[in-house]
Amino acid sequence: MNVSIDWSAFLLVFVAALVGAVAIVTFYSVGLRLLVRSGHAPVVSPAEFTDAITVITEKDLRRAEKQAAKAARKSPLTDAQRRLALVGAYACFALCAAAVVAGILIIVVGH
C-alpha cells in the first residue's frame, strides 16, 4: 500500500483557509470599528453563569452606556459621516457573512 500526498493541493487549501480567515476577521473588525464611529457602540448586558463569574455588573453596564452616549455626543463627525460609517459597518458585516456562506458553499458544493 502506497500513500502519497498531493502537496500542491495541500498548499492550495492552506492558503485558501488563511486568506478566508484573514478576510472574515478583517471585515468584522472594520465593521465593528465603523459601528463605533457611527455612534452605535455595542453595549452588552450583564450575563450570569452558574458556578462562574458575572461578566459585568448592572453598575458597570450603566457606566458603559453613559460613556457610549457621551462619546456619541462628542463625536466630531457630521450626521452624514455617521450615516456613511453606519452603512459601511453594515456592508462590512454583510461581506463577512458572504465570506462565511461562500466558504460553506465551496465545502458542500464545490468539492
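Arg63 forms a salt bridge with Asp60, and the closest N and O atoms of the pair are 3.1 Å apart. In this predicted model, a search of the whole structure finds one salt bridge. Both partners, Arg63 and Asp60, belong to helix 2, where a spacing of three residues corresponds to about one turn of the helix. With a relative accessible area of 42%, Arg63 is partly exposed. Asp60 also counts as partly exposed, at 30% relative accessibility.

The helix that carries this pair is part of a simple arrangement of elements. The secondary structure of the protein comes to three helices and zero strands, and from the N terminus on the elements run α-α-α. Helix 1 covers residues 7–37, helix 2 covers residues 58–74, and helix 3 covers residues 79–108. Of the 111 residues in the protein, buried residues make up 10%.

Two pairs of residues show how parts of the chain that are separated in sequence are placed in space. Leu35 is located in helix 1. The C-alpha atoms of Leu35 and Ala85 are 6.7 Å apart, although 50 residues separate the two in sequence. Ala85 falls within the residue range of helix 3. Leu35 counts as buried because its relative accessibility is 14%, under the 20% limit for that class. The second pair involves His40, which lies in the loop between helix 1 and helix 2. His40 and Arg82 are 42 residues apart in sequence, and their C-alpha atoms are 9.4 Å apart in space. At 42% relative accessibility, His40 counts as partly exposed.

The cysteines present a separate matter. Why does the structure hold zero disulfides? The closest cysteine sulfur to that of Cys92 is in Cys96, at 9.1 Å, which is too far for a bond; a disulfide requires two cysteine sulfur atoms within 2.5 Å. Cys96 is accordingly in no disulfide, its nearest cysteine sulfur being that of Cys92. Cys92 is buried, with a relative accessible area of 11%. Cys96 likewise counts as buried, at 11% relative accessibility.

The surface offers two patches of contrasting chemical character, one positive and one nonpolar. Which residues form the positive surface patch? Lys66, Lys70, Arg73 and Lys74 make up this patch. Lys66 has its place in helix 2, the helix that also holds Arg63 and Asp60. At 63% relative accessibility, Lys66 counts as exposed, since the class begins over 50%. Arg63 is not among the residues of the patch; residues in a salt bridge are left out of patches by definition, and Arg63 is paired with Asp60.

The nonpolar surface patch has an area of about 670 Å² and is made by Val100, Val101, Ile104, Leu105, Ile107, Val108 and Val109. Ile107 lies in helix 3. With a relative accessibility of 65%, Ile107 counts as exposed.

Taken together, the model shows three helices, one salt bridge and zero disulfides. Its surface includes a positive patch with Lys66 among its members and a nonpolar patch that includes Ile107.

Methods: Residues are numbered from 1 along each chain as its sequence is written. This is a predicted model: local features need pLDDT of at least 70, side-chain atom pairs count only at pLDDT 80 or more; totals for chains, interfaces and linings use all residues. Side-chain values use heavy atoms; hydrogens and water are left out. Buried means under 20% relative accessible area, exposed over 50%, partly exposed in between (1.4 Å probe, protein chains only). Patches are made of residues with over 30% relative accessible area and no salt bridge: like charges are joined within 9 Å, nonpolar side chains (Val, Leu, Ile, Met, Phe, Trp, Tyr) within 5 Å. Accessible areas come from the Shrake-Rupley method with a 1.4 Å probe; for residues, only the protein chains shown count as cover. A salt bridge is a side-chain nitrogen of Lys or Arg within 4 Å of a carboxyl oxygen of Asp or Glu. Lys and Arg count as positive and Asp and Glu as negative; His and the chain ends are not counted. The place of a charge is taken as NZ of Lys, CZ of Arg, CG of Asp or CD of Glu. Helices (H or I, at least four residues) and strands (E, at least two) are DSSP runs, numbered from the N terminus.
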